[in-house]
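Q: Please take a close look at one part of this model, the six-stranded open sheet of the first chain. Then set that part beside the other sheets, helices and contacts that can be described.

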Amino acid sequence: MNNAVETCTPDSRAKTKQLWQIDIWPEDGQPDRLAAELLSDAADLRLPESLRIAAARGFLIEGDVSHDQAEQIAKSLLVEPVVERFQLAAVGDEAINQSQADRPNLIYVLPLPGVTDPQAESAMGAMRNLGFDVSTVRTYRKFLVSELEQSDLQTLTAKLLSNDSIETAVSGSLKLDGLDLGTEYVFEKGIVSLSGLNSDQLLDISKKWQLSLSAVEMETIQAHFKTLDREPTDVELETVAQTWSEHCSHKTLAGRINYLDENGSRTFENMLKETIFSATMKIREDLGDDDWCVSVFRDNAGIVRFDDENNIAFKVETHNRPSALEPYGGANTGIGGVIRDTLGTGMGAKPICNTDVFCFADPNSAIEDLPPGVMHPRRIMKGVVSGVRDYGNRMGIPTVNGAVYFDRRYVGNPLVFCGNVGLLPKEKSFKEPQPNDLIVSIGGKTGRDGIHGATFSSAELTEDSDITSGGAVQIGNAITEKMLMDVMLIARDRELYTAVTDCGAGGYSSAVGEMGEEIGAEVWLDKVPLKYQGLSYTEIWISEAQERMVFSVPEENWPAFRDLCASESVDATVIGQFKPTGQLVLKYGDEVVSDVAMSFLHDGRPPVVREATYQPVAASELLNAPARSSAAEWTGDLKKILGSLNVASKHWVIRQYDHEVQGGSVIKPLVGIQNDGPGDAAVVRPVLDSYRGVAVSCGMNPHYGDYDTWHMATSAIDEALRNCVAVGADPSKIAVLDNFCWGYTDRPETLGSLVRAALACHDLSIEMQTPFISGKDSLHNEFSYTNADGQREVISIPATLLISAMGQVDDVRKCVTMDLKAAGNLIYQIGQTFDHLAGSHWSSVTGATGGAVPTVDGGLAKRIFRAVHAAIGNGLIRSCHDLSEGGLATAIAEMAFSGGLGAEVSIDQIEVAGVSDADLVRTRLFSESNTRFVVEVTPDQQAAFEAQFSDLPLAFLGKVTEAPTLIIASGDETVIDAPIDQLKNAWQSPLDWN
Amino acid sequence: MTQPNVLILRAPGTNCDQETGFAFEKAGAKVAYHHINQLIESPSLISDSQILCLPGGFSYGDDIAAGRILASQFQSKLSDVIHDFHSASKLTLGICNGFQILIKTGFLLAETDEGLPATLTWNDSGRFIDRWVHLKADSSVCAFLKDSDSMYLPIAHAEGKFVPRSEAVLSDLQAGHQLALTYASGNGSAQVDNFNGSTADVAGVCDPTGRIFGLMPHPERFIDRTQHPHWTRLELPEEGDGLAIFRNAVEYFA
């Protein structure tokens, strides 16, 4: 493009450019959905019930556009016929700034300059396509609000109508001169003087520049440049900070750790490598020729074998801090980012399904109980869910699995885990950029988006974070990524490039730095297409603008690559070359602004050395457990568990996700006769003319971690595996991922609890022959604030390990679901029950504390999983549900109401060791011991089924009944007695939001 | 039987193209995929085809409103092409986003002095919904619903609420058997599966000739028994209800 230079003078532009405002309102009689949604959220903020709002959406259009043309644009493009009306005026015209007598307050909300505005981008493209001479478009929202106290109006504006990390609110008439962004950039090379500075002064520089580098790291940089006999440039310092950031290099967990627990001490040179990675290496070695792992812990996602033609890749990422400040944008770019991870794996995998797991504080929290500076958890949850929904659905990737976990300690640090599975041809599993390949960037343009995201994600959040960290928050544009994906998969199959990676944290600095690690690279920063003028070379280099990917393209393939992108309107630009120098050279025009050795970037970081200690919680009996003597009391407990937020139905979330796009849906997230029961794992067929399936599930138990993070970790693995096995996945071919989200790991006891979990992962992984293939951590998840008494308080999240499992099903036609199928069928419990009530849901709803936390017997688990899988494969099981939160009673209740059938069972045959008779009922009903299932078997297959489990713990429970009531007996006594619709209602109502 | 050619049109944000093509192939058609840019550049690409299909997705992000931008591209660049295609007794199918586009271009229900006779707008809930729905088919005019009377298919959309401009529009469509697919009740329940708030429970509409058909539910998502949400509970035929729509289109040219 040669015509990008603006040739008009400001004066001549002013004469032709008009700035129009188009308000679009619901037509009379049509619902005002935006206002209704706001009003329903206003109650959480204690705003008066008399509040009334009218809401419009709108467009600002700047260009050589007459009034008639603007009207034509409104009618032909912007306003929906039948259901909407509009008002058009020049910006600033008082006619369009009138409020109403009963709604005297007028408020406009606009995206901050430079924040991605996908609607405006699309609208502008469409207007130009229709031949209108439009130069800029922006969207806005407009509100007319009833009489309010000034403080309430402020609360409404700041907490509901707008989010100041991405938007600006204007009270009264909108007055703007123009929409143009950016200023001319004047090149100036920045040098940072480090020589002679002491460690405090170096640390000051690290803080001032938001580098998140330690004093030792700064000293290493100082020493390195001293050997080069020069000072670093600003962009060299930034590049090192990005490459060495916790986010990009995992320096804490992959660093040196001295660990001490009750079994003694151990020193790690590289903790992750010596625990989780090494377990996978051991498994692969043991499997020998049967090794089904392909690429682990090296690429953007882990890859395993799938069928004769294809492999599958899996990755789960966290996007916690951005989601705390701007839940919609944070989650949006979280899912967008992990999709680019699988796209950037090998030569590119086609995304086939998403999994999303969230942790929030109670959405019903009273505003008075929240620390200052946090967003209301309901608003966070709604924002996160819609962020994932809008991105995943637009990408055409089914979101098939997930979980939502609630604990008050997530109040300042909500967790957002986004995962993606991709399918790729076997021979496309590895990549290698070649010397002299061109560095090509495709997709989105570069702006100031998310500068310092990588270093910000390694820092603690405070009550001021929403003011100081705004630059790190972004909004995604899914269609840009979808277009990118469409052309890249064609380019992959036409073999037009030699390597690809995504631009994630650190932007080009990470992407090019990683790809060119073995070769060297020269990047021409002035060639990078920008969203607006004025970015410095450093900003271009570290911007985290979304929807960009970097390819290495052999020079001879560039014309074909470029033409392919152009044919689908995707921007592609050569931004440099992988020159075989071993150096990372950055140029702006003819000026060299960086020239550092790749080896210093990737191997120069001084090791981080940390202390870690772990002290297990002293064993205790179950304390404060209330006595129970009647069916009414036990049934009441069951209903409370079903209605507790962690167990309760998540249909409000699930049904907003397209879980069937791509046409391969086999086991949906909601199952049963009314499509509303909680499935254990989702199954999809990624290849439509084959019946081979992929199962996706997860496991997470932060409450067990309060007792022992070892057992928390093994329980999470067991839960993820048994969910997969319950639907029919082959337990010998399940790959898992770890996501460690922890508090402040510079504290030895916090890091110790993580190391302990990693050690547990190592041991159980090997015992179960279940390899970890990838993972990601997010540390320092703490929120600090000053309380009403002026004291500094810190809220640390509970130790949270998410295990995500990807299983495989040879023939999906053998899969089973968890809903009861037919009256007269037999019900069994498989697995061993112990008095495991520590951290359980029964303890949580009754206030009991202490006790024993669930443990895993890996040897037994392996045998049970194999037997369940064989029984499913042999068609002996009609329904199968894993026992997890809330134990047996909860599992049977869910199976019954999902199937629309009752059950009459007795718990007498369940063997429990070491429990007094008085406590037997409690343990049998609600213990959360691992590796257990409830299954339904037809009477004619009873013998074959029992034979399959002859040497395994199995208890006959009873029968499925036509009568829609769940009756559980202990001896002669009925302990649970409830109609299934009552149980279902208890389970569905807590999160049955409008 | 002649094997008809289907042109599946892709645009930025189209995302149901592959499985829709698979469904057409399963029904016996030959499928070609083309990007909207290609069709605008060479409209003759369509001349080999007997069936034009606009699959589901979020064309241009559904920014502004669902299907709106692609509809405006059709109107400004492809209007004659589409009209000629239709006049040649060929078939046009719009699924979900395709339906939204067809209705907003006026190809499906022609614009009058008052403007477009109907639109598809936001679900009453204001949110995207993925659910399975029971449907009643009126096969008297719509070529795609020949011999069908009921179906069970999933919907997955945020803007699927059918709103006609007036009572008169609605009764004309009813009289012409153009409200070819409506949400119905199932499993003995009295509750109609109208989750988006559509007027008169409308789920799909055809033009007066029955050769242009748009529907919100996704027939391509129920081609195989294992896609049915209750397949683990029921004895079901191997083929799903949705295949009939594709097969009717193919057999129309037999």
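A: What follows starts with that sheet and then moves outward to other parts of both chains.

The model is predicted. Begin with the requested sheet in chain A. This open sheet has 6 strands, in the order S3-S1-S2-S5-S4-S6. The pairing is antiparallel. Strand S3 (84-90) and strand S6 (167-171) of chain A stand at the edges. Each has a single partner strand, so one side of each is left without a neighbour in the sheet. Neighbouring strands here are turned by 25° against each other on average, with direction ignored.

Now look at the S6(A) edge. Strand S4 (residues 105-111) of chain A pairs with S6(A) in the antiparallel sense, over 5 bridges. One residue pair can be named: Leu110(A) has Thr168(A) in S6(A) as its bridge partner.

Two helices pack on this sheet. Helix H4 (residues 118-129) of chain A touches strand S2 (53-63) and strand S5 (134-145) of chain A. The direction of H4(A) makes about 130° with that of S5(A). Helix H5 (residues 150-161) of chain A touches S4, S5 and S6 of chain A. The direction of H5(A) makes about 30° with that of S4(A). S5(A) is thus touched by H4(A) and by H5(A).

Chain A also holds an open sheet of 7 strands. Its order is S17-S19-S15-S20-S18-S21-S22, and its pairing is mixed. The edge strands are strand S17 (499-502) and strand S22 (591-597) of chain A, each pairing on one side only. The twist averages 25° from one strand to the next. At the S17(A) edge, 4 bridges join S17(A) to strand S19 (residues 548-553) of chain A, and the two run antiparallel. Ala499(A) stands opposite Ser552(A) in S19(A).

Turn to helices further along chain A. Helix H21 (residues 631-642) of chain A has 12 residues. At 1.5 Å a residue they should span 16 Å, and the end C-alpha atoms are 16 Å apart, which agrees. Its buried residues are Trp634(A), Thr635(A), Asp637(A), Leu638(A), Ile641(A) and Leu642(A). They cover an arc of only 155° around the axis, which puts them on the same side of H21(A). What covers them includes helix H26 (841-846), helix H28 (887-899), helix H29 (920-926), strand S42 (973-979) and helix H31 (980-988) of chain A.

Helix H27 (residues 858-873) of chain A has 16 residues. It reaches 22 Å from its first C-alpha to its last, close to the 22 Å expected at 1.5 Å a residue. Buried in H27(A) are Ala861(A), Ile864(A), Phe865(A), Val868(A), His869(A), Ala871(A) and Ile872(A). Their arc around the axis is only 160°, which puts them on the same side of H27(A). They pack against helix H24 (709-727), helix H25 (748-768) and helix H30 (942-948) of chain A. Strands pack there too: strand S35 (826-830), strand S37 (879-882) and strand S39 (933-937) of chain A. After H27(A) comes Gly875(A), with a positive phi near 70°.

Next, chain B. In a regular strand the side chains alternate between the two faces of the sheet. Strand S3 (residues 51-54) of chain B is covered on both faces. Ile51(B) and Cys53(B) are buried on one side, Leu52(B) and Leu54(B) on the other. Strand S1 (residues 5-10) of chain B pairs with S3(B) in the parallel sense over 3 bridges. There, Ile8(B) stands opposite Cys53(B). S3(B) is also joined by 4 bridges to strand S4 (residues 91-95) of chain B, again running parallel. Leu52(B) stands opposite Thr92(B) in S4(B).

A contrasting site is Ala190(B), in the loop between strand S9 (181-184) and strand S10 (202-206) of chain B. Ala190(B) is exposed, with 5 other C-beta atoms within 10 Å. The cut-off for exposed is 12 or fewer. Its C-alpha atom is separated by 41 Å from that of Lys30(B), 160 residues apart along the chain.

Last, the contact between the chains. It takes 46 residues from chain B and 51 residues from chain A. On the chain B side, the elements giving two or more residues are helix H1 (17-26), helix H3 (68-87), strand S5 (118-121), strand S6 (129-137) and strand S7 (150-157) of chain B. H3(B) gives the most, with 5 residues. By class, this side has 18 nonpolar, 17 polar and 11 charged residues.

Conventions:
Residues numbered from 1 in each chain as written. Chains lettered and ligands numbered in written order. Predicted model: local features only at pLDDT ≥ 70, side-chain atom pairs only at ≥ 80, totals over all residues. Expected span 1.5 Å × (residues − 1). Buried ≥ 20, exposed ≤ 12 C-beta atoms within 10 Å, placed from the backbone. Arc of directions from axis to C-beta. Contact = placed C-beta atoms within 7 Å. Nonpolar A, V, L, I, M, F, W, Y, C, P; charged D, E, K, R; others polar. Pairing = 2+ DSSP bridges. Axes fitted to C-alpha atoms, helices over the stretch in contact; angles between N-to-C directions.
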